[in-house]
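Colleague: I am new to reading models of this kind, so please take one part of this one and go through it closely, explaining each term as it comes up. I would also like to know how that part sits among the others.

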Amino acid sequence: MSDDNELIQQRRSNLAQIQALGIELYPRAFERTDTIEALVQAHDTHTHDDLEALRPETITSGRILAIRSFGKANFLMLTDGRSRIQAYVRQDALPERDFALFKLLDVGDFVGVAGRVFRTRTNELTIWASHIEFLAKCLRPLPEKWHGLQDVEIRYRQRYLDLIVNPDSRRVFEVRSRVMAGIRRFLDGRGFLEVETPMMQPMAGGALARPFVTHHNALDLDLYLRIAPELYLKRLTVGGIERVYEINRNFRNEGISTQHNPEFTMLEFYQAYSDYRELMDMTEQLISTVARDAIGSETCTFGGHEISLAAPYRRVSLREAVQEAAAQRLGVAVAEGELRDHALAVSLAQRLGIPVTPGVGPGKIATELFEAMCERSLIQPTFVYDFPTEVSPLSKQRADDPDTVERFEMYIGAFEVANAFSELNDPDEQRRRFEQQLADRQRGDQEAHGMDEDYIRALEFGMPPAGGEGIGIDRLVMVLTGSPSIRDVILFPQMRPQA
């Protein structure tokens, strides 16, 4: 810490000397003719002789990444965050004040440089500086240039520092931006309307999760940060918007892990006159198209596995997945009936050595068995469909099987990326499901859904058959960029306060 303090004091001293030269310390603007990226792209293929013939002039700006001096020859390595170029600085080629300024520059400072573009004897694209303008001082030393910023705690807490010294970090967020743009193009091209729904809601609904609670003083009303936009988007379907979507921020008052952040981004969309099987087909097209848009390929590497996002994806029912896992991993033959009968399901869990939540029904037990035995093996894109009705209060039941709903989750890289179902649009059945959730809440399930009378009233006006889906943007970007933690793909993840 003392070394850092000495460096900060030295940089402040340099700043004072720059001011003594009569230079404005923090100018309001700088007019440049080229960004560094544009400059590099424009001249990347030009040889030394090409540039000597063209003698292109430029005015550019950026942050100093390195300062090197070799007698009369001095170099600044500049970056605009995307590309780098060096500036060649000679005392006899600069105004006196400019060279005095150069001697007071530090790594991390922002400067503007004017001059002629050429190539050095080592073929390095370079600006022969004829003018240097001071733009901002970096008062704190950057991490040591050869090692970058390896401390993940600092990377997440000080993302600005991470972006300065780790080019790969910026590339992750460029991919994220292309993912969002690609999703919008895909859905807009299919006639979907993008909307915005409330982030503060009088009732936390649309998912089974614990909410954050806030309070509106003027109304003296408790409100909840949304855990999902689902019930509002389906109200719009009732209102006649047949294809609707939102790319939204959701908030869930739950744990933090490599796959979970309390604040996260979801795509949620609804398509009238469709069911969950049609959405499987559409999801395959969406994911593969967005992958090509974002990374230029349908293949990526995640968790040490090469993953193909090209359609078609494997499809397996939840109960079949449990049966397969029990047979393959444990050598235990499981009849489907064991996953539908409470006593048999409890006995099966005990045989498999998997603890289950006390007091829950067989559908919940089957789901817990699936999560314990199957999820980690779902590396390639897989649709797991036909979930138990017990764990899906907003999904339409199968006509031939009331214990099962028309729902799927899509897994990639061993975790859930999407959740979808044929929407329940029977108001009487929806009320019965909500009442069951209320009973679960009374038994201590803090994630159980509440009773939403206004949503039931909306359904009573009539909602067409529809399929709806949510896709986790953060997790999808993790897969596409090979990022091991959700914090790598969220610019400012939630962190425990520093002591």
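Modeller: I will begin with one helix and what covers it, and then go on to helix packing and strand pairing. The model is predicted, so that local features need pLDDT of at least 70 and side-chain atom pairs pLDDT 80 or more, while totals for chains, interfaces and linings use all residues. Residues are numbered from 1 along each chain as its sequence is written, and side-chain values use heavy atoms, without hydrogens and water.

The part to look at is helix 8, residues 230–238 (helices are DSSP runs of H or I with at least four residues, strands are runs of E with at least two, and both are numbered from the N terminus). Its buried residues are Glu230, Leu231, Leu233, Lys234, Arg235 and Thr237, where buried means under 20% relative accessible area, with a 1.4 Å probe and protein chains only. Among the elements that cover these buried residues of helix 8 are three strands listed by number, strand 10 (243–251), strand 11 (263–272) and strand 18 (415–422), and the cover also includes helix 14 (453–460) and strand 19 (466–472). After helix 8 comes Gly240, which has a positive phi near 105°.

Helix 14, part of that cover, also packs against helix 13, residues 427–442, and the two axes come within 9 Å and cross at roughly 160° (axes are lines fitted to C-alpha atoms over the stretch in contact, and angles run from 0 to 180 degrees between N-to-C directions). Because of that angle, helix 13 counts as roughly antiparallel to helix 14, a label for angles over 145 degrees. On the helix 13 side of the contact (heavy atoms within 4.5 Å) are Pro427, Gln430, Arg431 and Phe434, and they meet Glu453, Tyr455, Ile456, Leu459 and Glu460 of helix 14.

Elsewhere, helix 7 (residues 167–188) packs against helix 15 (residues 473–481) at about 125°, and their axes lie 10 Å apart. The angle therefore makes helix 7 oblique to helix 15, oblique being what remains outside under 35, over 145 and 65 to 115 degrees. In helix 7 the residues that meet helix 15 are Val172, Val175, Arg176, Val179, Met180 and Ile183, and their counterparts in helix 15 are Ile473, Asp474, Leu476, Val477, Leu480 and Thr481.

Turning to the strands, five of them close into a barrel in the order 1-2-3-5-4 with mixed pairing (two strands pair if DSSP finds at least two bridges between them). From one strand to the next, the twist in this barrel averages 55°. Strand 1, residues 57–70, pairs with strand 4, residues 110–119, in the antiparallel sense over seven bridges, and within strand 4, Gly112 stands opposite Ser61 while Gly115 stands opposite Thr58. Strand 1 is also joined to strand 2 (residues 73–79) by seven bridges, again running antiparallel, and Phe70 has Ala73 of strand 2 as its bridge partner. The hairpin of strand 1 and strand 2 has two residues between the strands, and there Gly71 takes a positive phi near 70°.

There is also an open sheet of three strands in the order 7-9-8, paired antiparallel. Its edge strands are strand 7 (200–201) and strand 8 (213–216), each of which pairs on one side only. Strand 8 is joined by four bridges to strand 9, residues 221–225, where Tyr224 stands opposite Val213.

How values were computed:
Buried means under 20% relative accessible area, exposed over 50%, partly exposed in between (1.4 Å probe, protein chains only).
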